[in-house]
Amino acid sequence: MVASTPLTHLYRREVELLALLELKNVTKYYAGPTPALAGVSFTVKEGEFVSVIGPSGAGKSTLLRCINRMIEVTGGEILFGDLAVSKLKRRDLRKLRTGIGMIFQHYNLVDRLTVIENVLHGRLGYKSTLAGVLGLYSREEKMQAFNIIKILGLGEQVYQRCDQLSGGQKQRVGIARALVQNPKMILCDEPIASLDPNASKIIMDYLKKIANGMGITLICNLHQVNVALAYSDRIIGINKGKVVYDGPPGKLTADLTSEIYGTESGELIVDWGERYAS
Ligand SMILES: Nc1ncnc2c1ncn2[C@@H]1O[C@H](COP(=O)(O)OP(=O)(O)OP(=O)(O)O)[C@@H](O)[C@H]1O
């Protein structure tokens with residue numbers, strides 16, 4: 001028998017960490033004959049920062065909504081850890097949803113509630129309906145929420161109502177709410193589409209730290225190619241429901257970008273010189 005050395009231990013861990021999410025030939029039809037997703041397959045590793053880019057209507061939001069089963073796939077298979085997403089019954093669906101945080105373009109906060117109340121909503125998936133309705137959170141949950149809010153630079157806004165916050169601050173509340181779930185993965189649907197460049201940079205910097213520092217997998221739908229180039233470990237380009245690029249930012253050329261964006265590529269402004277800036 002071979003003795004277990006620290007090195008083999010590390011290696012095994014790396015092997016174990018390989019795949020968190022796997023899509024196998026996923027298709028999605030809404031009404032009508034044209035698929036929103038047409039045979040999408042890829043695998044995402046733990047801690048990977050993946051950006052999904054593509055023109056309007058390419059299927060980016062549909063893809064995210066299929067992954068956490070906000071909508072049903074028409075065909076194919078999605079595996080998240082040991083869960084077969086499309087076959088989950090109610091109890092395991094809850095397990096899936098607590099394991100996957102969501103960040104939205106329009107934040108999806110309850111504006112009249114405070115920052116801490118909104119952030120604690122991230123714990124609802126772990127609670128009975130009654131405890132959730134009564135807003136019963138443990139001391140540990142409140143401490144964790146406070147700590148995350150502080151890490152996201154909102155220590156002074158903890159008791160402020162969310163309708164008094166800037167867009168960038170609201171999105172940081174959205175990130176905090178996703179983090180208190182202790183998710184394995186966070187899906188971000190256009191997280192910076194409503195923000196100015198300064199706030200966008202702050203949000204993207206936090207997202208990068210969450211993926212590469214905390215080991216939480218991030219899949220991020222983005223409209224801005226430059227941002228995807230600067231922040232992602234990997235870019236998936238989709239057009240008309242099909243994956244037309246899947247690789248590192250460094251290999252995404254202007255020609256490949258035109259292929260992803262098709263007829264919309266003429267409207268793209270990409271500063272290729274800034275691809276490694278962050
Ligand atoms: N609920 C729905 N019912 C019917 N068709 C839909 C629905 N949601 C999306 N679609 C269609 O599916 C296709 C993919 O849409 P989706 O919103 O996933 O694209 P997207 O890449 O996220 O676009 P955008 O960047 O504009 O948000 C589009 O043709 C869209 O019209």
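**Exercises on a predicted model**

The buried residues of helix α7 are Q169, K170, Q171, R172, V173, G174, I175, A176, R177, A178 and L179. The model under study is predicted.

**Exercise 1.** Determine whether α7 is largely enclosed or not, and identify the elements that its buried residues pack against.

*Solution.* Step 1: α7 covers residues 167-179, a run of 13 residues. From its first C-alpha to its last, the helix reaches 18 Å, close to the 18 Å expected at 1.5 Å a residue. Step 2: a residue is taken as buried if 20 or more other C-beta atoms lie within 10 Å of its own. Step 3: 11 of the 13 residues of α7 are buried, so the helix is largely enclosed by the rest of the structure. Step 4: the packing partners of these buried residues are β6, α4, α6 (139-151), β7 (185-189) and α8 (197-212).

**Exercise 2.** Establish the strand order of the open sheet of four strands, and name its edge strands.

*Solution.* Step 1: the order is β2-β1-β4-β5, and the pairing is antiparallel. Step 2: β2 (37-44) and β5 (83-84) each pair on one side only, which makes them the edge strands. Step 3: within the sheet, β1 (residues 21-28) is joined to β4 (residues 75-80) by five bridges. Step 4: in this antiparallel pair, K24 stands opposite E77 in β4.

**Exercise 3.** Locate Y107 and K240, two non-glycine residues with positive phi, and classify each as buried, partly exposed or exposed.

*Solution.* Step 1: phi is near 70° for Y107 and near 50° for K240. Step 2: Y107 is found in the loop between β6 (100-104) and α4 (115-120). Y107 is buried, because 21 other C-beta atoms lie within 10 Å. Step 3: K240 belongs to the hairpin of β9 and β10, which has two residues between the strands. With 16 C-beta neighbours inside 10 Å, K240 counts as partly exposed. Step 4: the strands flanking K240, β9 (residues 234-239) and β10 (residues 242-247), run antiparallel and are joined by five bridges. In this pair, I235 stands opposite G247 in β10.

**Exercise 4.** List the residues around the ligand and divide the shell into nonpolar, polar and charged members.

*Solution.* Step 1: the residues around the ligand are Y30, A31, A36, G54, S56, G57, A58, G59, K60, S61 and T62. Step 2: glycine is assigned to the polar class. Step 3: the shell then divides into four nonpolar, six polar and one charged residue.

Key: Residues are numbered from 1 along each chain as its sequence is written. This is a predicted model: local features need pLDDT of at least 70, side-chain atom pairs count only at pLDDT 80 or more; totals for chains, interfaces and linings use all residues. Two strands pair if DSSP finds at least two bridges between them. A residue is near a molecule or strand if its C-beta atom, placed from the backbone, lies within 6 Å of it. A residue is buried if 20 or more other C-beta atoms lie within 10 Å of its own, exposed if 12 or fewer, and partly exposed in between; C-beta atoms are placed from the backbone. The expected span of a helix is 1.5 Å times one less than its number of residues. Two residues are in contact if their C-beta atoms, placed from the backbone, lie within 7 Å.
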